[in-house]
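Let's take a stroll through a protein model together. Have the structure open beside you and follow along as we go from its sheets to its helices.

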Amino acid sequence: MRLDNPASAVLEPPPMSEQPFKSEFLRVMQARGYIHQVTHPAELDAAAAAGPITAYIGFDATAPSLHVGSLIQIMMLRRLQQAGHRPVVLMGGGTTKVGDPTDRDSSRPLLTVEQIQANIASIKTVFAKFLRFGDGPTDAVMVDNAEWLDALGYVEFLRDFGVHFTINRMLSFESVKLRLEREQPMTFLEFNYMLMQSVDFLELERRLGCILQMGGSDQWGNIVNGVELIRRVDGKPAFGLTTPLLAAASGAKMGKTAAGAVWLNAEMRSPYDYWQFWRNTEDADVGRFLRLFTDLPLDEIARLEALPGAEINEAKKVLANEATRLLHGADAAEVAAGAAEAAFEQGRLSADLPTVEVNASELEAGVMLAALAQAAGLAASRGEARRLAQGGGLRVNDKAEPDANRTVTSADLVDGVVKLAAGKKKIVLVKPV
């Protein structure tokens, strides 16, 4: 009963483009581009067509906010509920104490219990924007895996679950091989993470009747472990579904900018900056992102992504409006769009533009432009700010500034602020306090 040889139907599913799904859920997921791999696709399709199913995605609480790289998972739960099924949001109060080694070649810093709980409390607020929570048969529920993982004794855990996994198979997973190939240490604590994730699926199956785990394709191995554990231990159907790993057409990692991660909580990234992130989408990504991250009908998306030449910018504005509306609400989206129009199309300042506060006495004495651009998030470093300036991409009060070493002082204030811009799409107001 060890997880040595999963069925070939699990490890090598047929191409999803060839699957004629009957259930609304899988048809929508396929049409919008969410599906990369599915275990036992015909069985899952039949179950989803027969009535409401319960599915979950896990989120560890390593920071006070999730970032836009997690948004595709949140949207998967939204699609599930829209199709008449019940989504489960699993918060990793227990697994965050270990840290997921997937896609990492170094260990995550260990957080205290207090830090983890504070992060969970902060993260929770985002899910209510995308899902309907309650006690109904298709209402979303949120659970914390600390509820059962913290209660497991170590010997009990090994006896009950360790016997179903082999070291041979665990060493074959990419997350482990990556560390070994790069001669980076993987702690025994992290090595247990995949067992803990499998136990999560088993517990949710027993507690909530959950039969489907979803996640990114980097989680495929961990998900398969949970599917096989349930099928072998409880003899019940269980399924896994993954999305393609998301990157921009240029190859850039989704959700990474010069200013850092694109956080979902408004206090960590303003609605305006969030709107601007989507407005800056590459032309080749517009249609794909509209399908994944908005509720617009597919025929309307097809029309928008077919807009020729510079007209594609109108589709980018629709993407920015719709994505911002889902997360921050219609009012915030409207304000962000208005601020962008004022700044970029009408050349006016807007109080809704991102603002960086600096000490008035420091500005009086003068602050190096490169340092100011870095602090404002217009460049990742002073060196990048200098290269941006030399290329004509850094502007002070709408005038190109080729010398990033020059000082910005209170003499540069116009209407009480200094307007800094990087390229054509990033503007920040510097305000003395």
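Let's begin with strand β3, which covers residues 86–91. Six of its six residues are buried, so β3 is largely enclosed by the rest of the structure. Keep in mind that this is a predicted model.

Which residues of β3 are buried on each side? On one face you'll find Arg86, Val88 and Leu90, and on the other Pro87, Val89 and Met91; all of them are buried, so to speak of both faces as covered is fair, because six of the six residues are buried.

Now look at the partner of β3, strand β2 (residues 54–59). The two strands run parallel and are joined by six bridges. You can pick out some of the pairs by eye: alanine 55 stands opposite proline 87, and tyrosine 56 has valine 88 as its bridge partner. Strand β2 is mostly covered too, with five of its six residues buried.

**The first sheet**

Zoom out a little, and β2 and β3 turn out to belong to an open sheet of six strands. The order is β1-β6-β5-β2-β3-β4, and the pairing is mixed. At the edges sit β1 (37–38) and β4 (141–144), each of which pairs on one side only. In general, strands of a sheet pair through backbone hydrogen bonds, and they can do so parallel or antiparallel.

How does β1 run relative to β6, parallel or antiparallel? The two are antiparallel, with two bridges between β1 and strand β6 (residues 239–243). Here glutamine 37 stands opposite threonine 242 of β6.

Just along the chain is a residue to stop at: histidine 40, in the loop between β1 and α3 (41–50). Most residues other than glycine have a negative phi. Histidine 40 isn't a glycine, yet its phi is positive, at about 45°. Is histidine 40 buried or exposed? With a relative accessible area of 10%, histidine 40 is buried, because that value falls under the 20% cut-off.

**The second sheet**

There's another open sheet to find, this time with five strands in the order β9-β15-β14-β11-β12. Its pairing is mixed as well. Strands β9 (355–358) and β12 (399–400) stand at the edges with a single partner strand each, so one side of each has no neighbour in the sheet. Strand β9 runs parallel to strand β15 (residues 426–432), and four bridges join them. One of the pairs to look for is valine 356 with valine 430 in β15.

Here are three of the strand pairs side by side:

| Strand pair | Direction | Bridges |
|---|---|---|
| β2 and β3 | parallel | six |
| β1 and β6 | antiparallel | two |
| β9 and β15 | parallel | four |

Over in the loop between α20 (382–390) and β11 (394–396), find glycine 391. Its relative accessibility is 67%, so glycine 391 counts as exposed, the cut-off being over 50%. Its C-alpha atom is 9.5 Å from that of glutamate 401, which is ten residues away along the chain.

**Helices that pack**

Time for some helices. Two packed helices are described by the angle between their axes and the distance between the axes. For helix α11 (residues 193–208) and helix α12 (residues 220–233), the angle is about 50° and the axes are 8 Å apart. The helices α11 and α12 are therefore oblique to each other, and α11 passes α12 in a right-handed crossing.

Which residues do the touching? From α11 they include Tyr193, Met194, Phe201 and Leu202, and from α12 they include Ile223, Val227, Leu229 and Ile230. The residues of this contact divide into ten nonpolar, five polar and two charged.

Next, try helix α14 (residues 286–293): six of its eight residues are buried, so α14 is largely enclosed by the rest of the structure. Its buried residues are Val286, Gly287, Phe289, Leu290, Leu292 and Phe293. They pack against α4 (71–82), α13 (271–279), α15 (298–305) and α16 (312–328).

**The whole chain**

Finally, step right back. The chain has 20 helices and 15 strands, and 51% of its 433 residues count as buried. Among contacts between residues at least 6 apart in sequence, 73% join residues at least 24 apart.

Key
Residues numbered from 1 in each chain as written. Predicted model: local features only at pLDDT ≥ 70, side-chain atom pairs only at ≥ 80, totals over all residues. Heavy atoms only, no water. Axes fitted to C-alpha atoms, helices over the stretch in contact; angles between N-to-C directions. Parallel < 35°, antiparallel > 145°, perpendicular 65-115°, else oblique. Left-handed = near helix turned anticlockwise from the far one by under 90°. Contact = heavy atoms within 4.5 Å. Nonpolar A, V, L, I, M, F, W, Y, C, P; charged D, E, K, R; others polar. Buried < 20%, exposed > 50% of the residue type's maximum accessible area, 1.4 Å probe, protein only. Pairing = 2+ DSSP bridges.
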